[in-house]
Amino acid sequence: MKLSIRIWVLIIVLFLAFLAIAPWHAFEKGVVIKSIEKNSTASEAGMASGMVITSINSRQINNIGDYTNAMNEFFPQQLQNRTKLVVQTKTKEFILLVQEAPRITVDSIPSTNIKKGLDLSGGARALIKPEKALSQGEMQDLIAVTAQRLNVYGLGDVTIKSASDLQGNRYMVIEIAGATPSELRELVGKQGKFEAKIGNETVFIGGERDITYVGRSGQDALIERCFDVSGGVTCRFRFAVYLSEEAAKRHANITSSLKVNVSESGRYLESSLDLFLDDTLVDSLLISEDLKGKVTTQIQIEGSGTAVSQEEAIKSAQESMKKLQTILITGSLPYKLEITKLDTISPVLGKEFTKNLIFLALVVFILISAVLFVRYRKIKITLAIILTMFSEALITMGIAALIRWNLDAPSIAGIIAGMGTGVNDQIVIIDEAISHAQISLKEKIKRALFVVFAAFFTIVVAMLPLFWAGAGLLKGFALTTILTVTAGILITRPAFANIISRIQKE
Amino acid sequence: METQTRSLDEKLRWYDHSYKIMLIIPVVIMLISLVYIGYFYSKNGDIMQKDISLSGGTAITIQGDIGESLETGLKEKFPDVSIRKLADIRTGKHIASIVESSSQPQELKEGIESVLGYNLTDENSSTEFTGSALSENFYRQLLITLIISFILMSIVIFILFKTFIPSIAVIFAAFSDIVMPLALLNFLGMSISPAGIAAFLMLIGYSVDTDILLTTRALKKREGTLNERIFGAFKTGILMTFTALIAVLPAFFIVTGLPDSFRQIFLILALGLFADIINTWLTNASIIKWYCDKKGIK
């Protein structure tokens, strides 16, 4: 049976969609690491989010239950001595020496590549409006600062981006999947207080008043050197920071009364420079002896990153450096933030929704197939329509998986609505094909396709404005509807027309 | 065979006489709808009842049956509070309650917790808050979107058919498909969410499907009589609307546990499809027939 080009195109596209969705992940055993606490044993050993744990101390870990049981068994309470934990992931083996369960959060491996929107996974969504209009660059800085703060809380699944609406207002959209910290409002609404203190005294704060320049490239910010340490490599970075006169004088005053400590890494003052963001300590820097009592507007901030290999150590050092640079530059935001929209969706409700959605899809499929079979009485035709409905949904989900699009409730409504249009189009084609008009089959199909294309254009045109209206909150609806009907027009409709011609010819 | 064709013939000839009368029914319904919306506007200052995300405020969904005392308990501190119950369609069991108020989420949450006596957590509740400035923006923008989409759709129709009266007939039918459900929703006192307005947008696309089919068959084909062609389009069109209804009704009637805003999309689509049956096959068809009779298209 020779298949035409159009049908081949359909088959190939379906196959690609299947690959993009990757449903075989459902059979994968293990748990995936969602987040790792900074400076914890696990993070220093080189473990990272995204890795899949398959066994611990030779014990198979197939799912969350296994992991929880194992942790409860190994660490019924905090242990007296550190014990060895051999954590096997898909790619590497990590050996940790810990007294309690590693400070990581894990989750079951997602069964497909499809990213579930908040309505399905639960979580929080916030729309933040800065009190003054921001430029592109300022918006990027705001996003960086916010990502920074959310990171401190160890939140794994966070997406932050900017959005604008039809009136030109700019918003920052934050989406956190999974559980929501109850402090979310505080977290995202605050301007951001940054302080560098020695002991209890503030030396300088973030922002323009005290910091006039932060080195970001070239000689002003670089990775100085790397050296081996037990268990890995440490790379040290440094970058230049220019303080204002006032801040420099403060620094001199405070450090002049401090004693010097001599240790194997150098001669440093007895107190360190502690960096606080919104009253939480984010880093402690050693102050070199030469800075004692000196009014110096130019200081070097140093730090390091440690990892298993030099490459990773460099990366870790760069990230730490960037983090500090961001804090020092942005510190306190010069404008207020307003939370214009805050939605929290319970993960429990999200799961309910997913279940019911699948049930709904099945019900609709069965009902439509039944109606069409009653009307046309031919199994082949009914099967052809079911195939195209299924194809359109699959293609849209494949594209969504590919572009990492979050499928939320409006997106799914869009797919269902798009499929409804698809069925309508098939009916138009079939009725035309089986009509008794005295013209060729090809002509009839052409006529049917005129109606189909007309319907296509009106829907696309109706959906387009939704991409911008209301800060794009209904973008999902517009996108999936357009994707589904486009997949219909370009791929499934032509293939379907072909299939119908063949069935008619028989 | 002979009797069948003859009765079909009779039916088709009957159409020749009665199509003008059939036009009256939908036009009357349309006028009633417009009048009602006008009345609604004068009473409420807007053409539709807006839900909390379009008027500004907080909506907290609480799982489980929480009893009747909540509303009275909250009324004092939150005078504009309203509570809606979500029940399982089949069992009638009370599965969740939605508490809405124009106040801030923290306040409302604490108020509810003090009346109920337990904490609202991630597990048993969901919150939705929209600031009033944002919601006003949303609302205005969504309405503008609706108007723009409608205009764009009209342009596409004119380009397709290139003739004035048939195009106007399609556009008028699409307009009625939006106006009639809106009037009904207002009458029933339903609050419309942003997703609901998106459903109206979707309706623009869905409803012209059948009108385009009718107009294309009536004007472009040449076999059979005009009445036969219209009847043929009717058979196809009714099947299309019927299957579309089958796609949207289960979300509202058969499956529960779906978020309200989601179900609203399907409810509005369903109402629009019902309206479409009247508007396409009574209004649009009659106008087309009139036009064809005038132009001598048989």
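Domain bounds, as used below, come from an automatic or database domain assignment. The structure is a predicted model, in which local features need pLDDT of at least 70 and side-chain atom pairs count only at pLDDT 80 or more, while totals for chains, interfaces and linings use all residues. Residues are numbered from 1 along each chain as its sequence is written, and chains are lettered from A and ligands numbered from 1 in the order in which they are written.

**Exercise 1. Domains**

Task: State how chain A and chain B are divided into domains, and how far apart the centres of domain 2 and domain 4 of chain A lie.

Solution.
- Step 1. Chain A comprises domain 1 (5–23 + 348–505), domain 2 (29–108), domain 3 (123–191 + 336–344) and domain 4 (194–330).
- Step 2. Between the C-alpha centres of domain 2 of chain A and domain 4 of chain A there are 32 Å.
- Step 3. Chain B has domain 1 (2–50 + 134–295) and domain 2 (57–130); their centres, taken over C-alpha atoms, are separated by 37 Å.

**Exercise 2. The make-up of chain B**

Task: Describe the secondary structure and the overall extent of chain B.

Solution.
- Step 1. Helices (H or I, at least four residues) and strands (E, at least two) are DSSP runs, numbered from the N terminus. Chain B has nine helices and four strands, in the sequence order α-α-β-α-β-β-α-β-α-α-α-α-α.
- Step 2. The C-alpha trace of chain B spans about 75 × 40 × 30 Å along its principal axes.
- Step 3. A residue is buried if 20 or more other C-beta atoms lie within 10 Å of its own, exposed if 12 or fewer, and partly exposed in between, with C-beta atoms placed from the backbone. In chain B, 48% of the 298 residues count as buried.

**Exercise 3. Three loop residues of chain A**

Task: For Ala22(A), Ser58(A) and Gly472(A), give the loop in which each lies and decide whether each is buried, partly exposed or exposed.

Solution.
- Step 1. Ala22(A) lies in the loop between helix H1 (5–21) and strand E1 (31–36) of chain A. Because 16 other C-beta atoms lie within 10 Å, Ala22(A) is partly exposed. Its phi is near 50°, a positive value in a residue other than glycine.
- Step 2. Ser58(A) is in the loop between strand E2 (52–56) and strand E3 (59–60) of chain A. It has 7 C-beta neighbours inside 10 Å and therefore counts as exposed. Ser58(A) is not a glycine, yet its phi is positive, at about 70°.
- Step 3. Gly472(A) belongs to the loop between helix H12 (441–463) and helix H13 (475–505) of chain A. With 19 other C-beta atoms within 10 Å, it is partly exposed. Two residues are in contact if their C-beta atoms, placed from the backbone, lie within 7 Å; leaving aside residues up to four places away in sequence, Gly472(A) touches Ala163(A) and Phe467(A).

**Exercise 4. The interface**

Task: Determine how many residues of chain B are in contact with chain A, and which helix of chain B gives the most.

Solution.
- Step 1. The contacts involve 59 residues of chain B and 63 residues of chain A.
- Step 2. On the side of chain B that touches chain A, H5(B) gives the most, with 14 residues.
- Step 3. Two strands pair if DSSP finds at least two bridges between them. Strand E21 (residues 337–345) of chain A and E4(B) run antiparallel and are joined by four bridges; Lys341(A) has Thr130(B) as its bridge partner in E4(B).
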